[in-house]
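Reader: I should like to learn how the features of a protein model are read. May we go through them one at a time, with the general idea before the case?

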Amino acid sequence: VSTFHSLGVRLLRADGERIGLKKNFSILDADDVLGVLKDAGATTDNALARRWQWTISRWKNEGLASAGVAPVNDDERVAQRVMQCYEEWLVAYQAVDFDDLIGLPLKLLQTDADARAKWQGMLRYLLVDEVQDTNATQYELLNLLADPRAPAFTAVGDDDQSIYGWRGATIENLARLRQDFPTLEIIPLEQNYRSTG
């Protein structure tokens, strides 16, 4: 039983070397990230650095690196330059942030068929709760972890309960399950046992 992020740590500790990450990599907390971004952007302005932090996190949760970002205004152009410096810093210091704990395992499974087969074989049963609250990278990660040859995959979700849109969650992931897993049996639970009239 794990969260996406703790599973990401396990994946990276075991196989991160396949994508250039040492086993003893550091995990930055939000304050660490803020400090690095302030240095990367040469500012002492906490509010500005926090805006960069949110923007960069949003991009990472959309599966984007700085090279793939298409800035739409001057603020985003600056954030993209800061992100590029931040990415270089992370590589140099063998560190990851919270968003990388999803993005880097996704990259690993997308690019390394042996690692993908290994983890699909290890996770014979996969249950994902609150699918409506997954973001793009989380959904793609679960899609790669569910072994199509022997899918023991269960997803639980409620299209009336999506609450993490501000973190990049998209209700469309719930609908995508039917396309990506065509043999998935849908079992609607329409009786409310939590509350009364």
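Author: Let us begin with burial. A residue counts as buried when its relative accessible area is under 20%, as exposed when that area is over 50%, and as partly exposed in between. The structure shown here is a predicted model. In it, Gln94 has a relative accessible area of 15%, and Gln94 is therefore buried.

Reader: Where is Gln94 placed, and what is the sign of its phi?

Author: Gln94 sits in the loop that runs between H4 and strand E2 (95–96). Its phi is positive, about 50°, although the residue is not a glycine.

Reader: Which other residue, not a glycine, has a positive phi, near 60°?

Author: That residue is Glu130. Glu130 belongs to the loop between strand E3 (126–128) and helix H7 (136–145). Its relative accessible area is 38%, so Glu130 is partly exposed.

Reader: Is His5 buried or exposed?

Author: His5 has a relative accessibility of 16% and therefore counts as buried. This residue is part of helix H1 (residues 4–15). When residues up to four places away in sequence are set aside, His5 touches Phe98, Leu101, Ile102 and Gln138.

Reader: What share of the protein counts as buried?

Author: The share is 38% of the 197 residues.

Reader: How many helices and strands does the protein have, and in what pattern do they follow one another?

Author: There are 8 helices and 4 strands. Along the sequence they give the pattern α-β-α-α-α-β-α-α-β-α-β-α. The C-alpha trace spans about 55 × 45 × 30 Å along its principal axes. Among contacts with a separation of 6 or more, 70% join residues 24 or more positions apart.

Reader: How is the arrangement of two helices read? At what angle do H3 and H4 cross?

Author: One looks at the angle between the axes, and 65 to 115 degrees counts as roughly perpendicular. The axes of helix H3 (residues 46–61) and helix H4 (residues 74–92) cross at roughly 75° and come within 10 Å. H3 and H4 are therefore roughly perpendicular to each other. On the H3 side the contact includes Trp52, Ile56 and Trp59, and on the H4 side it includes Val82, Met83 and Tyr86. Sorted by class, this contact of H3 with H4 has 9 nonpolar, 2 polar and 3 charged residues.

Reader: How are H5 and H6 arranged, and which residues meet?

Author: Helix H5 (residues 100–111) and helix H6 (residues 113–122) have axes that come within 5 Å and cross at roughly 110°. These two helices, H5 and H6, are therefore roughly perpendicular as well. Leu108, Leu109, Gln110 and Thr111 of H5 meet Ala113, Ala115, Arg116 and Trp119 of H6. The classes in this contact of H5 with H6 are 5 nonpolar, 2 polar and 1 charged residues.

Reader: How does one describe a pair of aromatic rings, and how many pairs are found here?

Author: A pair of aromatic rings is described by the distance of the centres and the angle of the planes. A search of the whole structure finds 2 aromatic pairs. For Phe153 and Phe181, the ring centres are 4.6 Å apart and the planes lie at 35°, so this pair is tilted. Phe153 is in strand E4 (residues 153–155) and Phe181 in the segment after helix H8 (172–180), so the pair ties together parts that are 28 residues apart in sequence. Both Phe153 and Phe181 are buried.

Reader: Which residue lies over the face of Phe25?

Author: Arg13 does, at 3.9 Å from the ring centre.

Methods. Residues numbered from 1 in each chain as written. Predicted model: local features only at pLDDT ≥ 70, side-chain atom pairs only at ≥ 80, totals over all residues. Heavy atoms only, no water. Axes fitted to C-alpha atoms, helices over the stretch in contact; angles between N-to-C directions. Parallel < 35°, antiparallel > 145°, perpendicular 65-115°, else oblique. Contact = heavy atoms within 4.5 Å. Nonpolar A, V, L, I, M, F, W, Y, C, P; charged D, E, K, R; others polar. Phe/Tyr/Trp six-rings, centres within 6.5 Å; stacked < 30°, edge-to-face > 60°. Buried < 20%, exposed > 50% of the residue type's maximum accessible area, 1.4 Å probe, protein only. Lys NZ or Arg CZ within 6 Å of the ring centre and 35° of its normal.
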